[in-house]
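Hi everyone, thanks for coming. I'd like to walk you through one model today, strand by strand, and then spend a little time on its charged residues. Please have the picture up while I talk.

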Amino acid sequence: QLKSGRNQSCLLTHKKVHSVKVISGKKWFVAGTSDGVIHVYNYDNRIQKLRSFRAASDCFITSMAVNPTRSYVLSSAYHDIKLWDWSKGWECTKSFVQEHTDTVSQVAFNPMDTNILCFR
């Protein structure tokens, strides 16, 4: 439930939501679900779904991060990390495939240098 002057609620999807991040400058939030899809919503006056796109195949979104200075959202799923640019229609501008057996469980941008990403 989000509050923006009055109570509003929104059923995102019938899939389990694993990660939610707010893009406050745009009045958006993104939700990553168990089917590997990222859903983008506007919460300015009322909650409105803007779009959905497949971010991962055959696995769920484990984590997301919003870059505080650029139009980027970082997502992770299993061994993949992807960089999405909303100024380019949510294009995947970079994909990192990890060569280890552990699932990437968390992604973040370095707060001291937002050009650097961190993961575990």
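Let's start with an open sheet of four strands, ordered β7-β8-β9-β10 and paired in the antiparallel sense. At its edges are β7 (63-66) and β10 (91-97), and each of these pairs on one side only. From one strand to the next, the twist averages 20°.

A quick word on where this comes from: it is a predicted model, in which local features need pLDDT of at least 70 and side-chain atom pairs count only at pLDDT 80 or more, while totals for chains, interfaces and linings use all residues. Numbering runs from 1 along each chain as its sequence is written, and side-chain values use heavy atoms, with hydrogens and water left out.

And the vocabulary: strands are DSSP runs (E, at least two residues), numbered from the N terminus. Two strands pair if DSSP finds at least two bridges between them. For the twist, axes are lines fitted to C-alpha atoms, and angles run from 0 to 180 degrees between N-to-C directions. As a reminder, strands of a sheet pair through backbone hydrogen bonds, either parallel or antiparallel.

Now let's go across this sheet. β7 pairs with β8, residues 72-77, through four antiparallel bridges. If you want a landmark there, M64 stands opposite S75 in β8. Next, β8 and β9 run antiparallel and are joined by six bridges, with L74 having L83 in β9 as its bridge partner. The hairpin of these two strands has two residues between them, and Y78 takes a positive phi near 55° in it.

On the other side of β9, six bridges join this strand to β10, again running antiparallel. K82 has S95 in β10 as its bridge partner. The hairpin here has five residues between the strands, and G89 is the one with a positive phi, near 70°.

How much of β9 is covered? Five of its six residues are buried, where buried means under 20% relative accessible area, exposed means over 50%, and partly exposed lies in between (1.4 Å probe, protein chains only).

That brings me to D85, which sits in strand β9, residues 80-85. Which side chain of opposite charge is nearest to D85? It is K88, 4.4 Å away, and D85 is buried yet has no salt bridge. By definition, a salt bridge needs a side-chain nitrogen of Lys or Arg within 4 Å of a carboxyl oxygen of Asp or Glu. For charge, Lys and Arg count as positive and Asp and Glu as negative, while His and the chain ends are not counted. Setting aside neighbours within four places in sequence, D85 is in contact with S71, Y72, W90, E91 and T93; contact here means heavy atoms within 4.5 Å.

So how many salt bridges does a search of the whole structure find? One. The side chains of D44 and K27 meet in it, at 3.4 Å, N to O. This pair links distant parts of the chain, 17 residues apart: D44 is in the loop between β5 (37-42) and β6 (48-54), and K27 is in the loop between β3 (17-23) and β4 (28-33). D44 is partly exposed, with a relative accessible area of 37%, and K27 is partly exposed too, at 38%.

Those loops belong with another open sheet, whose four strands come in the order β3-β4-β5-β6 with antiparallel pairing. β3 and β6 stand at the edges with a single partner strand each, so one side of each has no neighbour in the sheet. Direction ignored, neighbouring strands in this sheet are turned by 20° against each other on average. β5 and β6 are paired over six antiparallel bridges, and Y41 has K49 in β6 as its bridge partner.

Let me come back to the backbone for a moment. Most residues other than glycine have a negative phi. K27, though not a glycine, has a positive phi of about 60°. D58 is also not a glycine and has a positive phi of about 60°. D58 lies in the loop between β6 and β7, and at 82% relative accessibility D58 counts as exposed.

Last, the cysteines. The structure holds zero disulfides, a disulfide being a pair of cysteine sulfur atoms within 2.5 Å. C92 is partly exposed at 30% relative accessible area, and C118 is partly exposed at 37%.

Thanks for listening!
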